[in-house]
Amino acid sequence: VRRQNIFSGSQVHLLFLLQSVCNILGGNLVSIHSALENSFVHELILAIEDPVDAWIGLHDAINQDGDFIWTDGTLEDFRAFNGTEPDTSGDCTQMNESDGCWADLACTM
Ligand SMILES: *[C@@H]1O[C@H](CO)[C@@H](O)[C@H](O)[C@H]1NC(C)=O
Ligand SMILES: *[C@@H]1O[C@H](CO)[C@@H](O)[C@H](O)[C@H]1NC(C)=O
């Protein structure tokens, strides 16, 4: 067994999911860096009993100007906003539980 083959693809996915669960449970909002990660987080939301739109860690850096940063400090290198977003309606970002797309909304919603 070669060391780099210890984790199969599905185990890597599981590790990612567990990390996301921990981030969500620990109050650190998840950051998302690819379509694959976005679908994992979406799956996670769909896996709960009563799925709801979920806050993710994308934050408008300077007062709704559309310059987004991840609250965990990772590079802002992927976006999955829905067709009409971001519309600078707020500084926080929510994932739609039905299609996994994002919208920026007021943080207090
Ligand atoms: C979530 O996505 C669905 C399907 O695209 C859409 O009909 C619905 O309006 C969206 N909900 C919100 C809150 O954006
Ligand atoms: C995009 O998100 C906004 C805010 O939730 C919502 O009003 C709109 O209907 C969404 N558009 C689509 C195409 O889902």
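Ile 56 stands opposite Thr 93, a residue of strand S3, and this pairing belongs to a predicted model in which strand S1, residues 54–60, and strand S3, residues 92–95, run antiparallel to each other over four bridges. The protein as a whole has two helices and four strands, and along the sequence these elements follow the pattern α-α-β-β-β-β. Buried residues account for 17% of the 109 residues in the protein, and of the contacts between residues at least 6 apart in sequence, 45% join residues at least 24 apart.

**The sheet**

- The four strands form an open sheet with antiparallel pairing, and their order across the sheet is S2-S1-S3-S4.
- The edges of this sheet are strand S2, residues 68–70, and strand S4, residues 102–105, each of which pairs on one side only, while the twist from one strand to the next averages 40 degrees.
- Within the pairing of S1 and S3, which extends over four bridges, His 59 has Cys 92 of S3 as its bridge partner, just as Ile 56 has Thr 93 standing opposite in S3.
- In a regular strand the side chains alternate between the two faces of the sheet.

**The S3–S4 hairpin**

- Strands S3 and S4 are likewise paired in the antiparallel sense, over four bridges, and here Gln 94 stands opposite Ala 103 of S4.
- Six residues lie between the strands of this hairpin, and in the hairpin Gly 100 adopts a positive phi near 75 degrees.

**Helix H2 and His 42**

- Helix H2 comprises 13 residues, 35–47, and because a rise of 1.5 Å a residue predicts a span of 18 Å, the distance of 18 Å between its end C-alpha atoms agrees with expectation.
- The buried residues of H2 are Asn 38, Phe 40, Val 41, His 42 and Ile 45.
- An α-helix has 3.6 residues a turn, so residues three or four places apart point the same way.
- His 42, which has its place in helix H2, counts as buried because 21 C-beta neighbours lie inside 10 Å, where the cut-off for a buried residue is 20 or more.
- Once neighbours within four places in sequence are left aside, the contacts of His 42 are with Met 95 and Gly 100, and the latter is the residue with positive phi in the hairpin of S3 and S4.
- His 42 and Met 95 are separated by 53 residues in sequence, yet their C-alpha atoms are 7.8 Å apart in space.

**Ligand surroundings**

- Ligand 1 is surrounded by Asp 53, Asn 96, Ser 98, Asp 99 and Ala 103, a shell that by class holds one nonpolar, two polar and two charged residues.
- Around ligand 2 are Asn 82, Gly 83, Thr 84, Glu 85, Cys 101 and Ala 103, and this shell divides by class into two nonpolar, three polar and one charged residues.
- Ala 103 is therefore listed both around ligand 1 and around ligand 2, and Ala 103 of S4 is also the residue that faces Gln 94 in the pairing of S3 and S4.

Note on methods
Residues numbered from 1 in each chain as written. Chains lettered and ligands numbered in written order. Predicted model: local features only at pLDDT ≥ 70, side-chain atom pairs only at ≥ 80, totals over all residues. Near = placed C-beta within 6 Å. Nonpolar A, V, L, I, M, F, W, Y, C, P; charged D, E, K, R; others polar. Pairing = 2+ DSSP bridges. Axes fitted to C-alpha atoms, helices over the stretch in contact; angles between N-to-C directions. Expected span 1.5 Å × (residues − 1). Buried ≥ 20, exposed ≤ 12 C-beta atoms within 10 Å, placed from the backbone. Contact = placed C-beta atoms within 7 Å.
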